[in-house]
Protein chains: 2
Amino acid sequence: MTPTEHPSVPSADARGDDERSRGRRDARPPTIYDVADAAGVSHQTVSRYLRGYEGIRPATRARVEQALDDLGYRPNLTARSLKSGRSLRIGALTHEISHVGPSRNAQAASIAAREAGYVLDLIFLDAHDAEAIRSSLDLLAQQDLAGILALSSTDEMTRVFESTDFRVPTLIRTESDEIGRAGASELTGVGIPKAIGHLADLGHRDFLHVAGPENWSAARNRTRAFEFEMARRGLRSSGVLAGDWSARSAFEAVAALPDPFTATAVLAANDQMALGAMLALKQRGLRIPEDVSVVGIDDIPEAAYFDPPLTTLRIDFASSGRASLQELLALIDPALATKPELPAPAELVVRASSGPAPARTPDVGEPVRTAC
Amino acid sequence: MTPTEHPSVPSADARGDDERSRGRRDARPPTIYDVADAAGVSHQTVSRYLRGYEGIRPATRARVEQALDDLGYRPNLTARSLKSGRSLRIGALTHEISHVGPSRNAQAASIAAREAGYVLDLIFLDAHDAEAIRSSLDLLAQQDLAGILALSSTDEMTRVFESTDFRVPTLIRTESDEIGRAGASELTGVGIPKAIGHLADLGHRDFLHVAGPENWSAARNRTRAFEFEMARRGLRSSGVLAGDWSARSAFEAVAALPDPFTATAVLAANDQMALGAMLALKQRGLRIPEDVSVVGIDDIPEAAYFDPPLTTLRIDFASSGRASLQELLALIDPALATKPELPAPAELVVRASSGPAPARTPDVGEPVRTAC
DNA sequence: TTTCGCAATGTTGTCGATAACATTGCTTGC
DNA sequence: GCAAGCAATGTTATCGACAACATTGCGAAA
């Protein structure tokens, strides 16, 4: 089990400059014409073979197969898509891939794309300013894509996206519906209402929401659902704090709240912010969950190992990534449309960070304790 | 500040089936021939203009520009790369993008690629089995790429990668050198030696390492550096636990350790595992950092908000992603080779999870406490 | 003034594949 | 026995751009 036992794998300089198992390095890759010559047939016969045409005499077929194999032929997709006018490449745009949600999403979409025979080009938009986004999109628009998927959507992106003529089908994922929608939360089984219901059942009446950045539609949806549900159930909202998805933003926002801290339940718009909020609460001298319950959204893999382990809404990012891709494929080729998979509804994972509401307002103004 | 004040941005159905600001939906995109017709010149003149040829009469030039603009011309990169034989697309392979390291890496590489005029195609390899990897690579090999970059490398991937003939330059990133190398750690400023030095300075003598999966070269390198440094400094290693990068694996490994727990310092191969290890330690009744110090690697954004905040090695993933891309670009076109950026050395970020070694072996066998 | 030279621009061929159309050579029906 | 019919295969055109070569036209040198 010690690392010295591992087979020593050459790690660096993996390009084979010198010799290769097969295929001459400098020679151009073989084309169907080369294959045709080698097999003694016309290039069109080779093309037909490659496209799966049935009516080829067994003898001819055998020679083509032999030549194909001898030369190590690989089709040139560039040429194919130039002629056929269709490409098998889908562009996907995303912002912060280091967040678990977007990245799971992208990964699932990528795999779904591959299964459908497409390759997913993932494009990172680093900047929030419209000009930078536009230039990235322009580059993208030249790439001969079959369709374009916008995975995480800020308003800037949505705006630029909608004003760009990509000339191919595009789809903007909103990531909202499965989590909680204001107008439809009589469906009490859905996402945020479920989380709030859990806390309300535990006796909580005074809530605080740590929201994501307001230019993200996902954040806005979560905030709306929170407020809607507060109103619907007649609960008290102690406020909505503005975060930016990061633990840091939530930590600072919660730390900066004036005393007294009246809420007994905190709903953070993602797990990272729940983490930051928990640390700030602990540093204010509040115990979790005895004094304050904290609930997150996403269920990132680490959430179960926070201290205390986080109660959170599990979002099925993978299935929603697949679903958006399928939806886009349906736009690209309505004939191939399969009924898009329905993303699984968010599921509440109850862990130790939520518990019964305290009998009375927790003490405030106690000396700050260090954690544990 | 309430969400209802946000401008209402249309969120769904962003494809414009009906009308578009410009550009007819069904019409093929304009080609240089269309532009040439509109400008009353030959297509070659348009092509020359686009390639930046100087010797075009101002009057002609103006008409071309006008036509270009009127038609909203965008070059067709497929055709361009078919003819010119070179593509501006780079493939990048990665495993678990949801880990911060790989994803930052990929993001930085993507941005660097764009700056060099390339587009980075990110391919997710979900499976660890060689056959699945091979089929993905085969698909990739047809994609007319200028080069291929393997970002996170497991042994399976390395093996398949090296036995595939991509016919373009390829580069496997090893992610090891800047973190700690066994053979070269007399450079005491480097990564893991730095972390261990910090703990040794605090009086720690008995260490535990929570390693990443052994088929990842990065994990192996970290383990080697740990063991090398233990030996070099004459410190005691209480063992190397096998983890899989996840908080869960570290939690379970540490929880399963037999009593007594003798180590006073734990080095985890990434921050997620440090998190899992911390929770397991706390549940064993050990205090952090009074009884045991814990140090991670990566410095994920959440690490500062763990409880206690995590001392960790900050890895500059962005710069190493850029560096690998530049290295690949140099292979693609040696003429354009810039001196590749050197990734910043890992930097130790000291937070509250590390402290002086306890005077004696901490108590073990105490009743398990619930966290906090 | 005539011709050469070169700048500006036009025409044709090419990349690798697919599609439309053309050809070959059996089999089959009368 | 001969033509029609069709299966198997070959030939040519095409996608959009770039490149090589061809042409035009104007100014300078003889």
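Start by selecting B:Asp299 and B:Arg351: their side chains make a polar contact of 3.0 Å. A polar contact is a pair of N or O atoms within 3.5 Å; within protein, one atom must be able to donate a hydrogen and the other to accept it, and residues adjacent in sequence count only if both atoms are side-chain atoms. This is a predicted model, where local features need pLDDT of at least 70, side-chain atom pairs count only at pLDDT 80 or more, and totals for chains, interfaces and linings use all residues. Residues are numbered from 1 along each chain as its sequence is written, chains are lettered from A and ligands numbered from 1 in the order in which they are written, and side-chain values use heavy atoms, with hydrogens and water left out.

**Stop 1: around B:Asp299**

Add B:Arg314. Its side chain joins that of B:Asp299 in a polar contact of 2.7 Å. B:Asp299 sits in the loop between β8 (293-298) and β9 (311-314) of chain B. Helices (H or I, at least four residues) and strands (E, at least two) are DSSP runs, numbered from the N terminus. Is B:Asp299 buried or exposed? It is buried, at a relative accessible area of 12%; buried means under 20%, exposed over 50% and partly exposed in between (1.4 Å probe, protein chains only). Leaving aside neighbours within four places in sequence, its contacts (heavy atoms within 4.5 Å) include B:Asp271, B:Thr312 and B:Val349.

**Stop 2: DNA strand C**

Select strand C and the residues near it, meaning those with a heavy atom within 4 Å. Of the 28 residues around the strand, A:Ile32, A:Gln44, A:Ser47, B:Thr45 and B:Thr60 come nearest. Sugar and phosphate account for 58% of the strand C atoms that come within 4 Å of the protein.

Three polar pairs to display:

- A:His43: a side-chain N or O atom is 3.2 Å from a base oxygen of strand C.
- B:Lys83: a polar side-chain atom lies 3.3 Å from a base oxygen of strand C.
- B:Arg57: a polar backbone atom is 3.0 Å from a phosphate oxygen of strand C.

Now color by element. Those giving two or more residues to this surface are α1 (32-39), α2 (43-51) and α4 (77-84) of chain A, with α2 (43-51) and α4 (77-84) of chain B.

**Stop 3: α1(A) and α2(A)**

Show both helices. Their axes, lines fitted to C-alpha atoms over the stretch in contact, with angles from 0 to 180 degrees between N-to-C directions, come within 8 Å and cross at roughly 110°. That makes α1(A) roughly perpendicular to α2(A), a class covering 65 to 115 degrees. A:Ile32, A:Tyr33, A:Val35 and A:Ala36 of α1(A) meet A:His43, A:Val46, A:Ser47 and A:Leu50 of α2(A).

How values were computed. Parallel < 35°, antiparallel > 145°, perpendicular 65-115°, else oblique.
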